[in-house]
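User: I'm new to reading protein structures and I'd like a close look at a single part: the places where something can sit. Could you walk me through them slowly?

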Amino acid sequence: MGFEKKILCIGAGYVGGPTMAVIAAKSPQVKVTVVDINEEKIKAWQTDQLPIYEPDLLAVVQKARGKNLFFSTEIEKNINDADIIFVSVNTPTKTFGEGAGKASDLQYIESTARSIIAASNSNKIVVEKSTLPVKTASALEKILNNNDKGLKFEVLSNPEFLAEGSAIRNLEFPDRVLIGSRETESGINARQQLVDIYLNWVPREKIIESNVWSSELSKLTANAFLAQKISSINSISALCEKTGADVGEISKAIGADNRIGNKFLNASIGFGGSCFKKDILNLVYICESLGLIEVAAYWEGVIKINEYQESRFVKRMLASMFNTLAGKKIALFGFAFKANTGDTRETPAYYIARQLLVERANLSITDPKAIPNAKIDLMDFVDNIKFTEDPYEAAKEADAIAVMTEWDLYKTLDYQKLFDSMRKPAFLFDGRNILDHNELMNIGFDVHAIGKSFD
Ligand code: NAD
Ligand code: UDX
């Protein structure tokens with residue numbers, strides 16, 4: 001069958017895989033190929049044991065795989081074949097040299113651009129899907145268009161706003177799709193080609209067009225605003241614990257104001273995930289580089305509050321449990337950075353686990369999807385950690401349960417049974433405020449929650 005267009009995505013991770021699966025499923029006239037340097041990942045995408053857990057992802061992949069969705073390690077051949085190339089490689093925080101700990105490490109982006117130019121024999125549109133510092137498109141254009149083959153590349157920015165755990169819903173029914181380009185004739189023509197692909201399932205009014213720099217910077221700004229909302233409510237949770245106010249009641253009261261909105265106001269042990277911290281650090285670095293010191297300090301505060309929230313939680317556990325955790329068994333309920341994912345990147349549970357180990361606690365970690373990643377993250381500390389998918393097993397003879405992830409499963413457990421199997425006094429620290437605290441206190445637990453005090 002002849003396809004109208006050939007799309008290639010370089011990078012088959014949490015973004016590349018689901019994004020391309022939805023484009024393929026919604027656009028049967030387009031051939032979509034996803035490549036990666038990681039052979040194991042590509043092999044997994046070709047089976048029903050996908051490399052990531054994401055609700056409904058398998059069904060979407062199965063719908064298109066082998067028809068117009070293909071996974072491959074043949075990068076060069078597929079580059080040459082493609083009309084549109086999405087770049088969806090990782091852009092972690094730089095760990096060395098200038099900007100270490102803040103700036104974005106752009107080595108994977110640059111090497112991808114160099115592979116594109118080396119393998120191309122025709123003009124192409126290159127789409128930034130990865131989250132990138134503002135002005136990256138200019139660097140990509142320089143690398144790509146500085147060629148002796150007479151080829152012309154248009155660089156577009158099309159940031160991805162999916163959240164893990166709800167990726168398929170976010171992709172099928174996006175709040176918006178943002179496409180930025182150069183405002184030249186060829187830039188606008190390239191932008192239109194991408195608009196046409198999204199029009200296969202996204203209503204026209206949800207597709208926002210802008211210049212390429214606005215698009216790049218909108219992505220960093222969106223993540224900074226979302227994370228800021230969490231840090232704001234988390235900062236208030238500390239005040240609640242000192243005053244008798246209840247942070248849940250405050251979220252409800254302020255969230256009823258349309259201008260504030262009721263989403264992202266769940267006080268917690270802190271935000272995790274691969275994006276928020278990395279993207280805010282990148283924003284801070286960009287502002288510092290441009291001499292905008294006050295702006296940088298403002299956004300850095302969001303990360304500082306997040307770190308404060310994590311460390312406050314451990315201190316509270318320690319203080320409640322008679323200032324010693326040495327030799328005590330603590331069951332961590334959840335290790336993923338949020339529910340409905342097995343991803344543990346930047347999970348607050350990791351930081352909390354490490355601090356509890358410093359206090360010489362023995363940990364028992366349970367999670368429905370994240371145990372394989374948790375084992376890798378904590379492989380240097382296995383002597384003091386047990387892993388189990390069974391929460392009842394995790395809590396058996398424990399001194400405390402600490403809820404790290406808001407899995408629905410934890411709301412439905414038999415807490416009387418858990419209590420009966422634990423050492424007394426039995427402590428329960430609800431780091432996500434998902435449990436019925438009154439019921440737990442009636443059972444006999446010594447309960448502590450975020451932004452609430454029960455004294
Ligand atoms: P990931 O680490 O899951 O996937 C990136 C993939 O790129 C890896 O499989 C890696 O092997 C591959 N890769 C790296 N260099 C390559 C090369 N030269 N050629 C071929 N493949 C290469 O990362 P991710 O979570 O999918 O994130 C990708 C980008 O999307 C990042 O910039 C991230 O900030 C952004 N983003 C992520 C999310 C999210 O929820 N994870 C959401 C929105 C945006
Ligand atoms: C985020 C953005 O939401 C998404 O648009 C972007 O594309 C990638 O980064 P993600 O990190 O997958 O998505 O999940 P998100 O739902 O934003 O949660 C991030 C963290 O904040 C999680 O640890 C979550 O538990 C925490 N969180 C979220 C809270 O603590 N309180 C809240 O009210 C909401």
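What follows is a walk through the ligand sites first, then the empty spaces.

Analyst: Sure, let's go. Keep in mind from the start that this is a predicted model.

Let's begin with ligand 1. Its surroundings are made of 27 residues, and the closest are Val15, Asp36, Lys41, Thr91 and Lys278. Two of the contacts to zoom in on involve the protein backbone. Tyrosine 14 has a polar backbone atom 3.0 Å from an oxygen atom of ligand 1, and valine 15 has a backbone N or O atom 2.9 Å from an oxygen atom of ligand 1. Threonine 91 uses its side chain instead: a polar atom there lies 2.6 Å from an oxygen atom of the ligand. How much of ligand 1 does the protein bury? Taken alone, ligand 1 exposes 830 Å², and 91% of that is buried by the protein.

Now for who builds the shell around ligand 1. Helix α5, residues 107–119, provides the largest share, with three residues. Sorted by class, the shell has nine nonpolar, eleven polar and seven charged residues. And where does ligand 1 lie relative to domain 1 and domain 2? Both domain 1 (5–202) and domain 2 (242–449) give residues to the shell, so ligand 1 lies between them.

On to ligand 2. Here 21 residues are around the ligand, and Leu162, Glu164, Ser268, Phe337 and Arg432 come nearest. Again you can look for backbone contacts. Leucine 162 has a polar backbone atom 2.7 Å from an oxygen atom of ligand 2, while for glycine 272 the distance from a polar backbone atom to a ligand oxygen is 2.9 Å. Phenylalanine 337 joins in too, with a backbone N or O atom 2.7 Å from an oxygen atom of ligand 2. On its own, ligand 2 has 660 Å² of accessible area, and the protein covers 91% of it.

The shell around ligand 2 takes its largest share, four residues, from α9. Its classes come out as eleven nonpolar, four polar and six charged residues. Domain 1 (5–202) and domain 2 (242–449) each supply at least three residues to this shell.

Next, the empty spaces. Rolling a probe the size of a water molecule over the atoms shows where empty space is left. The second largest pocket has a volume of about 340 Å³. Its lining has 17 residues, with Glu241, Arg316, His448, Lys452 and Ser453 nearest the centre. Helix α12 gives the most to this lining, six residues. At least two residues each come from α9 (212–243), α12 (293–320) and β14 (446–449). You already met α9 in the shell around ligand 2. By class, the pocket lining splits into six nonpolar, three polar and eight charged residues.

Last stop: the cavities. Searching the whole structure turns up four cavities of 30 Å³ or more. The largest cavity holds about 60 Å³ of space, and its lining is Lys6, Ile7, Leu8, Lys31, Thr33, Asn78, Asp81 and Ala82. Which elements give two or more residues to that lining? They are β1 (5–10), β2 (30–35) and α4 (75–81). Strand β1 gives the most, with three residues. By class, the lining of the largest cavity has three nonpolar, two polar and three charged residues.

How values were computed
Residues are numbered from 1 along each chain as its sequence is written. Chains are lettered from A and ligands numbered from 1 in the order in which they are written. This is a predicted model: local features need pLDDT of at least 70, side-chain atom pairs count only at pLDDT 80 or more; totals for chains, interfaces and linings use all residues. Side-chain values use heavy atoms; hydrogens and water are left out. A residue is near a molecule or strand if one of its heavy atoms lies within 4 Å of it. A polar contact is a pair of N or O atoms within 3.5 Å; within protein, one must be able to donate a hydrogen and the other to accept it, and residues adjacent in sequence count only if both atoms are side-chain atoms. Accessible areas come from the Shrake-Rupley method with a 1.4 Å probe; for residues, only the protein chains shown count as cover. Ala, Val, Leu, Ile, Met, Phe, Trp, Tyr, Cys and Pro count as nonpolar, Asp, Glu, Lys and Arg as charged, and the others, Gly among them, as polar. Domain bounds come from an automatic or database domain assignment. On a 1 Å grid over the protein atoms alone, a cavity is a set of points where a 1.4 Å probe fits but cannot get out, and a pocket is an open set with protein on both sides within 12 Å along at least five of seven lines; lining residues have an atom within 4 Å of a point. Grid points are joined across faces, edges and corners, and a volume is the space filled by probe spheres set on the points.
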